[in-house]
Amino acid sequence: EVQLVESGGGLVQAGGSLRLSCVASGYTFADYAIGWFRQVSGKDREVVSCIRSVGAHTYYADFVKDRFTTSRDNAKNTVYLQMDNLLPEDTGIYFCAAGKDPYYCLGYWGQGTQVTVSS
C-alpha cells in the first residue's frame with residue numbers, strides 16, 4: 001500500500017520560510033514521480049511542483065518559481081519542499097503526491113499539512 005506522510009507545516013510571517021517533508025512507503029521510491037500540490041482558499045487543488053522519475057526534471061508552477069525548491073532523497077524515500085519568501089496567498093493545505101507515470105505526480109496523495117502565512 002502506497003503511503004505518503006507530510007510534515008513541516010505551520011504558521012509563519014510573510015517573507016519567512018518553511019520546509020515541508022514527505023516520507024513515502026509501499027513502493028520503490030525512485031520509480032515514481034513525486035511532488036506537491038496545494039489547495040488555497042477559493043481555488044481547486046493545484047500543482048506546486050513535480051519531480052519526474054525519468055531525467056530528473058522538476059516542474060514548478062509559475063506562482064512559486066524562484067521562491068520554492070523541491071528535492072528528493074531516494075535513500076530516505078523523502079521529498080522536500082523548501083518554501084522561501086512566503087506570501088499570505090500561499091496559505092493553504094499542501095499535499096504530497098506521487099504517480100507511477102514518470103512525468104506526472106498523480107495517483108497517490110498524502111493527508112496534507114496546513115501552511116498559514118500571516119501578513
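Contact here means heavy atoms within 4.5 Å. The model is predicted.

**Strand S11**

By that cut-off, Thr113 touches Glu6, Gly8, Gly9, Leu20, Gly92, Ile93 and Tyr94, leaving aside residues up to four places away in sequence. Thr113 sits in strand S11, which covers residues 113-118. Its relative accessibility is 12%, so Thr113 counts as buried. The side chain of Thr113 also has a polar partner: one of its polar atoms lies 3.3 Å from the backbone nitrogen of Gly9.

Gln114 belongs to strand S11 too. Is Gln114 buried, partly exposed or exposed? Gln114 is partly exposed, because its relative accessible area is 39%. Gln114 touches Gly9, Gly10, Thr91, Gly92 and Ile93, again not counting residues up to four places away in sequence. Gly92 is 22 residues from Gln114 in sequence, yet their C-alpha atoms are 5.9 Å apart. The Gln114 side chain reaches the backbone oxygen of Gly92 at 3.4 Å. A polar contact of 3.3 Å also links the side chains of Gln114 and Thr116.

**The chain as a whole**

The protein chain has zero helices and 11 strands. From the N terminus on, the elements run β-β-β-β-β-β-β-β-β-β-β. The C-alpha atoms fill a box of roughly 40 × 25 × 25 Å along the principal axes. The radius of gyration is 13 Å, which agrees with the value near 14 Å for a compact globule of 119 residues. Buried residues make up 43% of the 119 residues. Of the contacts with a separation of 6 or more, 56% join residues 24 or more positions apart. The chain exposes about 6100 Å², and carbon and sulfur atoms supply 48% of that area.

**Salt bridges**

Side chains of opposite charge can pair when their charged atoms come close. The structure holds four salt bridges. Among them are these:

| Salt bridge | Closest N to O distance |
|---|---|
| Glu46 and Arg38 | 2.9 Å |
| Asp90 and Arg38 | 2.8 Å |
| Asp90 and Arg67 | 2.7 Å |

What are the positions of Asp90 and Arg38? Asp90 lies in the loop between strand S8 (78-83) and S9, and Arg38 lies in strand S4 (residues 33-39), so this pair ties together parts that are 52 residues apart in sequence. Arg67 lies in the loop between strand S6 (58-60) and strand S7 (68-73), so its pairing with Asp90 ties together parts that are 23 residues apart in sequence.

The partners are buried. Asp90 has a relative accessible area of 1%. Arg38 has a relative accessibility of 5% and counts as buried. For Arg67 the figure is 11%, so Arg67 counts as buried. Salt bridges that share partners join Arg38, Glu46, Arg67 and Asp90 into one network. Glu46 is buried as well, with a relative accessible area of 17%.

**A nonpolar surface patch**

Which residues make the nonpolar surface patch? Val54, Tyr103, Tyr104, Leu106 and Trp109 do, and the patch covers about 510 Å². One of these residues, Tyr104, lies in the loop between strand S9 (92-99) and strand S10 (108-109). Tyr104 counts as exposed because its relative accessibility is 52%, and the cut-off for exposed is over 50%.

Conventions. Residues are numbered from 1 along each chain as its sequence is written. This is a predicted model: local features need pLDDT of at least 70, side-chain atom pairs count only at pLDDT 80 or more; totals for chains, interfaces and linings use all residues. Side-chain values use heavy atoms; hydrogens and water are left out. Helices (H or I, at least four residues) and strands (E, at least two) are DSSP runs, numbered from the N terminus. Buried means under 20% relative accessible area, exposed over 50%, partly exposed in between (1.4 Å probe, protein chains only). A polar contact is a pair of N or O atoms within 3.5 Å; within protein, one must be able to donate a hydrogen and the other to accept it, and residues adjacent in sequence count only if both atoms are side-chain atoms. Patches are made of residues with over 30% relative accessible area and no salt bridge: like charges are joined within 9 Å, nonpolar side chains (Val, Leu, Ile, Met, Phe, Trp, Tyr) within 5 Å. Accessible areas come from the Shrake-Rupley method with a 1.4 Å probe; for residues, only the protein chains shown count as cover. A salt bridge is a side-chain nitrogen of Lys or Arg within 4 Å of a carboxyl oxygen of Asp or Glu. The radius of gyration is taken over C-alpha atoms; the globule rule is 2.2 Å times the number of residues to the power 0.38.
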